[in-house]
Amino acid sequence: MSELAFSVRHVVAEPYAAAPQLTAKLHIEETTRAVIHAIALRCQVQIEPQRRGYTPEETTGLTDQFGTRDRWSTTLKPFQWMQCGVMVQGFTGAADVDMPLPVTYDFEVTASKYLHSLRGGDVPLIFLFSGTVFTRGLNGFGVERVPWDREARQKMPVAVWKELVELYFPGSGWLRLDHDTIAALSHYKSTRGLMTWNEALWSLLVKAGESVG
């Protein structure tokens, strides 16, 4: 029976992926010296917002998600960021593996809104592992499950997230609107001779008296 331990060395922005992607640098150790033919590794990545502090500016940005600060003792709870996986090639003893973390900058997604609100420091992550291990058996391959309690914690610098956003969405972001809102905004934009959607939204913010410096 194999015995696996997982750790995450660090998380980096992947500059050459076809879609926005971070990469988790995994280190896997197998302590019984069993021959591992492969691991079909799955991982749930969660953000643990209660494991860091927040500036007043960050607190304001997080009100939508967690409410006012006096409620954070009950609302500031871990939440899922993504599900991901990787096929680990055979090894004996230990292996270093790059695990792709596909991400989105869609502000309808809780994690994107949370990450956008942060100004600095680290993002506390927990990686919860599962999957299938293929080992050497008595009659060829043996098949085992990755134990349910395998996990690893790592702090990803907020700067890594900001680097990723700048790589794939330089100077911009995405908002999803329903069809009626798009139609109304399009009418507002065209009747006022505005050139871009950004100008239309900026104009509306100014009219509403928002500070848009």
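Biologist: Does D98 count as buried, exposed or partly exposed?
Modeller: This is a predicted model, and the relative accessibility of D98 in it is 45%. Buried needs under 20% and exposed needs over 50%. D98 therefore counts as partly exposed.

Biologist: Which side chain does D98 meet in a salt bridge?
Modeller: The pair is joined N to O at 3.1 Å, inside the 4 Å cut-off for a salt bridge. The partner is partly exposed, with a relative accessible area of 27%. That partner is K25.

Biologist: How many residues apart in sequence are the parts that D98 and K25 tie together?
Modeller: D98 meets K25 in a salt bridge. D98 is in strand β5 (residues 94–102), while K25 is in strand β2 (residues 21–30). The pair therefore ties together parts whose separation in sequence is 73 residues.

Biologist: How many salt bridges does the count come to?
Modeller: Side chains of opposite charge can pair when their charged atoms come close. D98 with K25 is one of these pairs, and D149 with R150 is another, at 2.9 Å from N to O. The count comes to eight.

Biologist: In the pair of D149 and R150, is R150 buried or exposed?
Modeller: D149 is partly exposed, at 37% relative accessible area. For R150 the value is 15%, and buried means under 20%. R150 is therefore buried.

Biologist: Which residues are linked with E151 in a network of salt bridges?
Modeller: E151 forms a salt bridge with R153, with the closest N and O atoms 3.6 Å apart. Both ends are partly exposed, E151 at 38% relative accessibility and R153 at 44% relative accessible area. The network links E151 with E48, R51 and R153.

Biologist: Which residue has a positive phi although it is not a glycine?
Modeller: Most residues other than glycine have a negative phi. Here the angle is about 65°. The residue is found in the loop between β2 and β3 (35–47) and is exposed, with a relative accessible area of 58%. It is R33.

Biologist: What do the buried residues of α5 line?
Modeller: In helix α5 (residues 158–168), the buried residues are V158, V160, W161, L164, V165 and Y168. Seen down the axis of α5, they fall within an arc of 160°. They therefore line one face of the helix.

Biologist: How far apart are the C-alpha atoms of V123 and P49?
Modeller: V123 is found in strand β6 (residues 122–137) and is buried, with a relative accessible area of 0%. Beyond its neighbours within four places in sequence, its contacts include I47, Y114, M156 and V158. V123 and P49 are 74 residues apart along the chain. Their C-alpha atoms are separated by 7.5 Å.

Biologist: Are α6 and α7 roughly parallel or roughly perpendicular to each other?
Modeller: Helix α6 (residues 179–191) packs on helix α7 (residues 197–207), with their axes 9 Å apart. The angle is about 90°, and 65 to 115 degrees counts as roughly perpendicular. The two helices are therefore roughly perpendicular.

Biologist: By class, how many nonpolar, polar and charged residues has the contact of α6 with α7?
Modeller: From α6 come I182, L185, S186, Y188 and K189. They meet W197, A200, L201, S203, L204 and K207 in α7. By class, the contact has seven nonpolar, two polar and two charged residues.

Definitions and conventions. Residues numbered from 1 in each chain as written. Predicted model: local features only at pLDDT ≥ 70, side-chain atom pairs only at ≥ 80, totals over all residues. Heavy atoms only, no water. Axes fitted to C-alpha atoms, helices over the stretch in contact; angles between N-to-C directions. Helix = DSSP H or I, 4+ residues; strand = E, 2+ residues; numbered from the N terminus. Parallel < 35°, antiparallel > 145°, perpendicular 65-115°, else oblique. Contact = heavy atoms within 4.5 Å. Nonpolar A, V, L, I, M, F, W, Y, C, P; charged D, E, K, R; others polar. Buried < 20%, exposed > 50% of the residue type's maximum accessible area, 1.4 Å probe, protein only. Arc of directions from axis to C-beta.
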